[in-house]
Amino acid sequence: MEDSKIIALFYERSEQAISELDRKYGAAVKKTASNILKNKQDVEECTSDTYLAVWDTVPPKKPIPLISYVCKIARNLAVNRVHAITAAKRNATYDLALDELEECIPSGFDLETELEARELTVMINRFLADLPAEDRKLFVRRYWYSCSVAELAAITHATPNQISVRLFRIREKLRRALMKEGLLV
Amino acid sequence: MNRELLSKAVGNIDDRFIAEARFSVPEDASGASERIVHMKKKRIISLALAAALILALGVVAYAANWFGIRGLLRQDSLGDTVVYHDEDGIPNIEIGHHSGRLSISEAQDAPEEYREWIEKKTAAYEEWAAYYTEIHTLPEPYAPFIGLSILEEKPDGTVDIIIERDESGKKETISVSAEEAKKLLDRLEAMGTPYGNYGNEYGVFDAESEAKLLEIASKYGLTPRQSGESYTCATAAGNRYRSVDDILALLNAQNSGSVFSKAPSFFDSVVLYGNSGFYFNAYMPLTNGEHPLITGRFTPWTEMPAVGDQTMDIRVLNVEGVEERGATAADGTEVTIIADQNQVTFYAYLESGLFVGNWTLAHNSDRYALTEQDVDEIVNMLIYSNMG
């Protein structure tokens, strides 16, 4: 079913909207959540919460493409859940990906005093737009979808070492791009 | 804290990038095959069917020089590990599936007149790949790793290196001298910094590796492609922004004429390699109002293959289950079309090189599945004889 028809069902407050959303994007939502949450039950709850959040926000929103909207909600809910349930222990894939990204910022440099998250998002968007498509996908899959290096290696038919080096190069490019933007010195 | 800010900033990146990077979910593995429109199975080639095609679709099936999926299928990829989703949508890894990968840049088999190029490119690639692996692998005890941090020097003059070997989260600490740590840091920084004109494309990071690349290429009569110039219509803020017309003008200028007979409605990205080679992600306007996202790549026969090119291959879940057919495009070029329920790949051997186009269901946010008629329409939107 087309996105616009699913959205129309949400506007009609038809419960079929949820089942159509699940039919079309259920796997993508679960994958996004399961990359961050390792517990199957947490993934299921996060998926249900995502559908509820869509129900609560559509209408008034008309998000096209719907896939990005639902995956964003799933990711945010999963990240919040990780913070809530793993305050004391790390989630290997999600935290490792964040550790890597943090390497782009010199230690002792406090980003928060320098800019708002949305400004940084604008910079990262600009950086991503300039990246070759394959590098962009790799970056987004690692740092947005929180995919493991092993999974990315299997998907792209590369070795984990090659993926790690490619990611290292992309992070270097990001660091240089942030420097160029005048954010880092 | 930087960490939360980064998480939040990355979490809000452009929807387009999120949609682009979404994964292909093999529907037959997730038990949801009813969700998509299956393309009509059609293993050709009988003369009767070919005649029907001429009448119905205006394309011609042909038997001469027929390579079908073989033309692009990497034999070394057969039965590779694949990632699929179980009935709950949870990703799993399976080994020994009937999967394979189609190269989008290098012909794997071809008519006689092009085989010499395949042999030269294969030999050059093998030589370069061996060297590439050698220069891109850290020595033991650092390799293998998925995460590596070099800490500050301690008062006793040693430096701790924290290594994560796998996804388990376990960390290993190695103490080395400050000099050794500096060497490692320099090596990592060098590996992460592209060098010269070929750095981005071939992973060249110093004069020595560049010289080696040129030596191997020259030995086989090939030329490396330069770092591509990339353009996009996706954002007006970036310095790569161009209108569709501007991008078409740039693309046509490095080829022998117009590459598209019908202009795409939007370019997500275009990379021009300066040697007539190019790569594009474009939304193609169909007469039925749909705008499927098509990827295309033209690789000159004389282009030296790069190690990273393999990561751009197209995965096929069941190589024995694809449909194969031939078509003659509007400019007379013979095009091979390979399709399964998740994607369509079309390619053409050209005098100057190889063109491969691809459409993948998962990359199209509205999950519109192409019909055969749509595929023929897309195939005819390109002027193959002007490539190169």
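In this predicted model, the side chain of Lys137(A) makes a polar contact with the side chain of Glu134(A), at 3.2 Å. Lys137(A) sits in helix H8 of chain A, which covers residues 133-143. Lys137(A) counts as buried, because its relative accessibility is 10% and the limit for that class is under 20%.

**Chain B overall**

Chain B holds 10 helices and 15 strands. It has 388 residues, and 56% of them are buried. Its accessible surface is about 16100 Å². Carbon and sulfur atoms account for 51% of that surface. Take the contacts in chain B between residues at least 6 apart in sequence: 59% of them join residues at least 24 apart.

**Salt bridges**

Over all chains, the whole structure contains 20 salt bridges. Three from chain B are listed here.

| Pair | Closest N to O distance |
|---|---|
| Glu127(B) and Lys219(B) | 2.9 Å |
| Glu303(B) and Arg297(B) | 3.4 Å |
| Lys183(B) and Glu180(B) | 4.0 Å |

Which parts of chain B does the pair Glu127(B) and Lys219(B) tie together? Glu127(B) lies in helix H5 (residues 112-136) and Lys219(B) in helix H8 (residues 207-219), so the salt bridge links parts that are 92 residues apart in sequence. Glu127(B) is partly exposed, at 26% relative accessibility. Lys219(B) is exposed, with a relative accessible area of 54%.

The pair Lys183(B) and Glu180(B) stays within one helix. Both residues belong to helix H6 (residues 178-191) of chain B. They are 3 residues apart, about one turn of the helix. Lys183(B) is exposed at 55% relative accessibility. Glu180(B) is partly exposed at 28%.

Are Glu303(B) and Arg297(B) buried or exposed? Both are buried. Elsewhere, salt bridges with shared partners connect Arg70(B), Asp109(B), Glu112(B) and Arg115(B) into one network.

**Helix H5 of chain B**

H5(B) has 25 residues. At 1.5 Å a residue, the helix should span 36 Å. Its end C-alpha atoms are 36 Å apart, so the model agrees with that expectation.

The buried residues of H5(B) include the aromatic residues Tyr114(B), Tyr125(B), Trp128(B), Tyr131(B) and Tyr132(B). Ile118(B), Ala124(B), Ala129(B) and Ile135(B) are also among them. Lys121(B) and His136(B) are buried too.

What covers these buried residues? The cover includes helix H10 (160-180) of chain A. From chain B it includes H6, helix H7 (199-202) and H8. Strand S10 (293-300) and strand S14 (343-349) of chain B also take part.

**Nonpolar cores**

The largest nonpolar core has 54 residues. Leu21(A), Ile124(A), Leu128(A), Phe139(A) and Val140(A) have the most contacts inside it. Helix H4 (residues 66-85) of chain A gives the most to this core, with 7 residues.

Which residues does Ile124(A) contact, leaving aside its neighbours within four places in sequence? In chain A, the partners are Phe139(A) and Leu174(A). In chain B, they are Ala9(B), Val10(B) and Ile13(B).

Another core, of 39 residues, lies apart from the largest one. Phe280(B), Val335(B), Ala348(B) and Leu361(B) are among its members.

**A pair in chain A**

Asp22(A) is in helix H2 (residues 16-36) of chain A. Asp22(A) is partly exposed, at 30% relative accessibility. Asp22(A) and Tyr51(A) are 29 residues apart along the chain, and their C-alpha atoms are separated by 8.1 Å.

**Backbone details**

Glu140(B) and Pro141(B) are joined by a cis peptide bond, with omega about 10 degrees. Pro141(B) is in the loop between H5 and strand S4 (147-153) of chain B.

Two serines have positive phi. For Ser146(A), phi is near 55 degrees. Ser146(A) lies in the loop between H8 and helix H9 (149-156) of chain A. Ser146(A) is buried, with a relative accessible area of 1%.

For Ser276(B), phi is about 85 degrees. Ser276(B) lies in the loop between strand S8 (266-272) and strand S9 (278-283) of chain B. Ser276(B) is buried as well, with a relative accessible area of 12%.

Technical notes
Residues are numbered from 1 along each chain as its sequence is written. Chains are lettered from A and ligands numbered from 1 in the order in which they are written. This is a predicted model: local features need pLDDT of at least 70, side-chain atom pairs count only at pLDDT 80 or more; totals for chains, interfaces and linings use all residues. Side-chain values use heavy atoms; hydrogens and water are left out. Helices (H or I, at least four residues) and strands (E, at least two) are DSSP runs, numbered from the N terminus. Buried means under 20% relative accessible area, exposed over 50%, partly exposed in between (1.4 Å probe, protein chains only). Contact means heavy atoms within 4.5 Å. Accessible areas come from the Shrake-Rupley method with a 1.4 Å probe; for residues, only the protein chains shown count as cover. A salt bridge is a side-chain nitrogen of Lys or Arg within 4 Å of a carboxyl oxygen of Asp or Glu. A polar contact is a pair of N or O atoms within 3.5 Å; within protein, one must be able to donate a hydrogen and the other to accept it, and residues adjacent in sequence count only if both atoms are side-chain atoms. The expected span of a helix is 1.5 Å times one less than its number of residues. A nonpolar core is a set of buried Ala, Val, Leu, Ile, Met, Phe, Trp, Tyr and Cys residues joined through side-chain atoms within 4.5 Å.
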